[in-house]
Amino acid sequence: MNRDELFTWVADLLAEMFELERASLTPASNLYADLDIDSIDAVDLAVKLKQMTGKRLQPEVFKTIRTIEDVVNALVALGESKSDQQAEAQAQAA
């Protein structure tokens with residue numbers, strides 16, 4: 001998925017999980033100030049992301065997330081780190 005597709009996916013997920021108006025969600029939307037997501041909701045989001053991607057955001061990364069774009073960036077970085085780990089494992093096996 002590219003960044004635009006990831007944003008659409010995350011925005012759709014947020015709209016569904018927290019009954020938000022999808023049209024109002026932008027990359028700059030602040031999860032806490034704009035969308036009224038609290039810490040319990042944030043944990044629910046982290047769990048849902050793990051279920052849907054099979055990948056876990058590290059707590060130190062999750063603590064830095066403030067906007068929808070931050071979620072997208074974290075997912076992109078997570079995908080890149082997994083790809084790097086897979087490439088390294090394949091190189092070591094060869």
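In this predicted model, a polar atom of the asparagine 30 side chain lies 2.8 Å from the backbone nitrogen of alanine 33. Asparagine 30 belongs to the loop between α1 and α2, and several other residues of that loop are described below. The protein chain as a whole contains 4 helices and 0 strands.

**The loop between α1 and α2: asparagine 30, serine 29 and threonine 26**

- Beyond residues up to four places away in sequence, asparagine 30 touches Leu35, Arg66 and Thr67.
- Serine 29 is also placed in the loop between α1 and α2.
- Serine 29 has a relative accessibility of 5%; this value is under 20%, and serine 29 therefore counts as buried.
- A polar atom of the serine 29 side chain lies 2.9 Å from the backbone nitrogen of threonine 26.
- When residues up to four places away in sequence are not counted, serine 29 touches Ser24, Asp34, Leu35, Arg66, Thr67 and Ile68.
- Threonine 26 lies in the loop between α1 and α2 and, with a relative accessibility of 37%, counts as partly exposed.
- Apart from its neighbours within four places in sequence, threonine 26 is in contact with Phe7 and Ile68.
- The C-alpha atoms of threonine 26 and threonine 8 are 9.4 Å apart in space, while the two residues are 18 residues apart in sequence.

**Positive phi angles in the loop**

- Glutamate 19 lies in the loop between α1 (3–18) and α2 (39–53), and its place is just after α1.
- The phi angle of glutamate 19 is near 50°, which is a positive value in a residue other than glycine.
- Glutamate 19 counts as exposed because its relative accessibility, 76%, is over 50%.
- Aspartate 36 is found in the loop between α1 and α2, and its phi is near 60°, again a positive value in a residue other than glycine.
- Aspartate 36 has a relative accessibility of 67% and counts as exposed.

**Helix α1**

- Helix α1 has 16 residues.
- From its first C-alpha to its last, α1 reaches 22 Å, close to the 22 Å expected at 1.5 Å a residue.
- The N-terminal end of α1 is capped by asparagine 2, which has a side-chain oxygen 3.0 Å from the backbone nitrogen of aspartate 4.
- The buried residues in α1 include Leu6, Phe7, Val10, Ala11, Leu13, Leu14, Ala15 and Phe18.
- An α-helix has 3.6 residues a turn, so residues three or four places apart point the same way.
- One of the buried residues of α1, Phe7, is a contact of threonine 26 in the loop.

**The salt bridge**

- A search of the whole structure finds 1 salt bridge.
- The side chains of aspartate 12 and arginine 22 meet in a salt bridge, with a distance of 2.7 Å from N to O.
- This pair links distant parts of the chain, 10 residues apart: aspartate 12 is in helix α1, and arginine 22 is in the loop between α1 and α2.
- Aspartate 12 counts as partly exposed at 38% relative accessibility.
- Arginine 22, with a relative accessible area of 28%, is also partly exposed.

**The chain as a whole**

- From the N terminus on, the order of the elements is α-α-α-α.
- Of the 94 residues of the protein chain, 33% count as buried.
- Among contacts with a separation of 6 or more, 54% are between residues 24 or more positions apart.
- The protein chain has an accessible surface of about 6100 Å², and carbon and sulfur atoms account for 49% of that surface.

**Confidence in the prediction**

- The average pLDDT of the protein chain is 87, and 85% of the residues score at least 70.
- Among the elements of the chain, α1 has the highest mean pLDDT, 96, and helix α4 (residues 68–93) has the lowest, 70.
- The pLDDT is below 50 over residues 83–89, and this stretch has 0 contacts in the model beyond near neighbours in sequence.

Note on methods. Residues are numbered from 1 along each chain as its sequence is written. This is a predicted model: local features need pLDDT of at least 70, side-chain atom pairs count only at pLDDT 80 or more; totals for chains, interfaces and linings use all residues. Side-chain values use heavy atoms; hydrogens and water are left out. Helices (H or I, at least four residues) and strands (E, at least two) are DSSP runs, numbered from the N terminus. Buried means under 20% relative accessible area, exposed over 50%, partly exposed in between (1.4 Å probe, protein chains only). Contact means heavy atoms within 4.5 Å. Accessible areas come from the Shrake-Rupley method with a 1.4 Å probe; for residues, only the protein chains shown count as cover. A salt bridge is a side-chain nitrogen of Lys or Arg within 4 Å of a carboxyl oxygen of Asp or Glu. The expected span of a helix is 1.5 Å times one less than its number of residues. A polar contact is a pair of N or O atoms within 3.5 Å; within protein, one must be able to donate a hydrogen and the other to accept it, and residues adjacent in sequence count only if both atoms are side-chain atoms. pLDDT is the predictor's confidence in each residue, from 0 to 100.
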